[in-house]
Amino acid sequence: MFKKILVANRGEIAIRIMRAAKELGVATVAVYSEADKDAPHVRYADEAFPIGPAPSQLSYLHIPNIINAAVQTGAEAIHPGYGFLSENHHFAAICKTWGLVFIGPPATAIEQMGIKAQARQMMQNAGVPVVPGTEGTVSDLNEAQTIAEQIGYPILVKASFGGGGRGIRIVESADELEDAIERASREAKSAFGQGDVYLEKYLRRPRHIEIQVLADNMGNVVALGERESSLQRRRQKVLEEAPSVAVTPELRRQMSEAAVRAAQAVGYTSAGTLEFLLDEEGRFYFMEMNTRVQVEHPCTEMVTGVDVVKEQIRVAAGLPLSISQDQVQLNGWSIECRINAEDPSKQFRPSPGTITVWHEPAGPGVRVDSGADQGYVVQPFYDSLLAKLVTWGRTREEAIARMRRALSEFRIEGVKTTLQLHQQLMEDPDFVKGDIHTNFLAERMEGA
Ligand code: MV4
């Protein structure tokens, strides 16, 4: 096992990773920007190293400063968390050249899954179902029109280097296709420096189901069941749960087998997530692979008892996974509410400022992963996630009852938050029934 690792992130996920390290007897190094010198993740670490000014480009995304911090402090490995450098295959490769272990998948797997059009093709070759669409990227308008006619409108134009939903356009009919391809391509070029796009059949009300996988260097790949994250707002996830009301044991088996094949096809190691769309007829389609630990990993931890981050560190240290597929059992239900510093009355714009009151809920079945506390100043430079409130119950009903209770205990003053949005969701009859899909929040908010 490592003696010391560096955590190249901030906020709740930096603390989450350091907790795993501490349980494994591994010392931790935090890095921090000038804006974060008093942040909780800096206090939690055994030591901390400054990496530059507040803007991420100059600190948390600045590869030389992070490598320097690891070298100066004698860390043997770097955990990138999520966001920032976590899916930057150049960073993963650079770590290696400095003799540092990147706690994540091989750089090649990150790169292959990062090119979405190529990932689609690879997955299809591996026997994983994909949404009907183009083989590879659109190179010629006539050809795109022919394929669009074959799969039928509505069609989605997606950026191959996008991901997370940027550079996406819905096309309702043939006369809009040319314009949509041009716009999506231009948007992708300016956002990602690369204008390749591909086409997919647009599914109108799919559920978003993702399978968590873990893989080690001995060839073991284990699927930890699904999460459902259909509740999103402007492609930002708001709430996640595990398992999903829409997944039967048979469907779970099929999706898990597809996820394991997908991971094997790219020589995956560490923790990763296969994102699928599930249509109203119960058919599932591969959409993307996230080659990092995800924000919502605690839902899986609550229902499987497996510590996803500890497994990542073990695998990076060359150890085998601590569980096999037949030891994976799902127990009960878990829900995660993302508590963001955002103002619901201003279209959920970030709400920076000083937190004057911070009181976290506790008690049976409640887990809080937070990166803020009383007196903490929410910075405008970074993601607005303050805390993840996660509950567990023997049933979905019990997890919801605990979430209602925990939300009522959570007190945050000084900044606007999404606490109230979650309280409303917990009372929504369709949410309580489990009748949700990826257009749920958009439809609710249009109505409001
Ligand atoms: C889709 C889709 C329907 N059909 N692709 C949005 C974010 C990006 N990762 C992919 N997204 C979608 N792709 C096809 N062919 C619907 C969405 C989508 C969505 C997906 C997952 C979770 C929430 C979503 C909210 C709106 C749209």
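Student: Between which strands is the loop that holds Arg235?

Tutor: In this predicted model, Arg235 sits in the loop that joins β10 (221-233) to β11.

Student: What is the sign of phi in Arg235?

Tutor: Phi of Arg235 is near 60°, so a positive value in a residue other than glycine.

Student: Let's turn to the ligand. Why does the pair formed by Lys158 and the ligand count as a polar contact?

Tutor: The cut-off for a pair of N or O atoms is 3.5 Å. A polar side-chain atom of Lys158 lies 3.0 Å from a nitrogen atom of the ligand, within that limit, so the pair qualifies.

Student: What makes Glu200 and Leu203 qualify too?

Tutor: Glu200 places a polar side-chain atom 2.9 Å from a ligand nitrogen atom. Leu203 uses its backbone instead: an N or O atom there lies 3.0 Å from a nitrogen atom of the ligand. Both distances are within 3.5 Å, so both are polar contacts. As for cover, the protein takes 90% of the 520 Å² of accessible area that the ligand has on its own.

Student: How many residues surround the ligand, and which are the closest?

Tutor: There are 15, with Lys158, Glu200, Lys201, Leu203 and Gln232 the closest. Sorted by class, the shell has seven nonpolar, four polar and four charged residues.

Student: Which strands each supply at least two residues of that shell?

Tutor: These are β6 (155-159), β8 (197-201) and β13 (284-290). By domain, at least three shell residues come from each of domain 2 (132-201) and domain 3 (207-444).

Student: How do you know that the peptide bond from Tyr153 to Pro154 is cis or trans?

Tutor: Look at omega: it is near 0° for Tyr153 to Pro154, and the bond is cis. Pro154 belongs to the loop between α7 (141-151) and β6.

Student: What about the bond from Ala242 to Pro243?

Tutor: That bond is cis as well, with omega near -5°. Here Pro243 is in the loop between β11 (236-242) and α9 (249-265).

Student: How far apart do the C-alpha centres of domain 1 and domain 3 lie?

Tutor: The centres are 23 Å apart. Their contact draws 33 residues from domain 1 and 29 residues from domain 3.

Student: How much area is buried between domain 1 and domain 3?

Tutor: About 2300 Å², and carbon and sulfur atoms give 59% of that. On the domain 1 side, Glu12, Arg16 and Glu87 lose the most area to domain 3, together 26% of what that side buries.

Note on methods: Residues numbered from 1 in each chain as written. Predicted model: local features only at pLDDT ≥ 70, side-chain atom pairs only at ≥ 80, totals over all residues. Heavy atoms only, no water. Near = heavy atom within 4 Å. Polar contact = N/O pair within 3.5 Å; in protein donor to acceptor, adjacent residues only side chain to side chain. Areas by Shrake-Rupley, 256 points an atom, 1.4 Å probe, with all protein chains shown as cover. Helix = DSSP H or I, 4+ residues; strand = E, 2+ residues; numbered from the N terminus. Nonpolar A, V, L, I, M, F, W, Y, C, P; charged D, E, K, R; others polar. Domains from an automatic or database assignment. Contact = heavy atoms within 4.5 Å. Buried area = accessible area lost by both parts, 1.4 Å probe.
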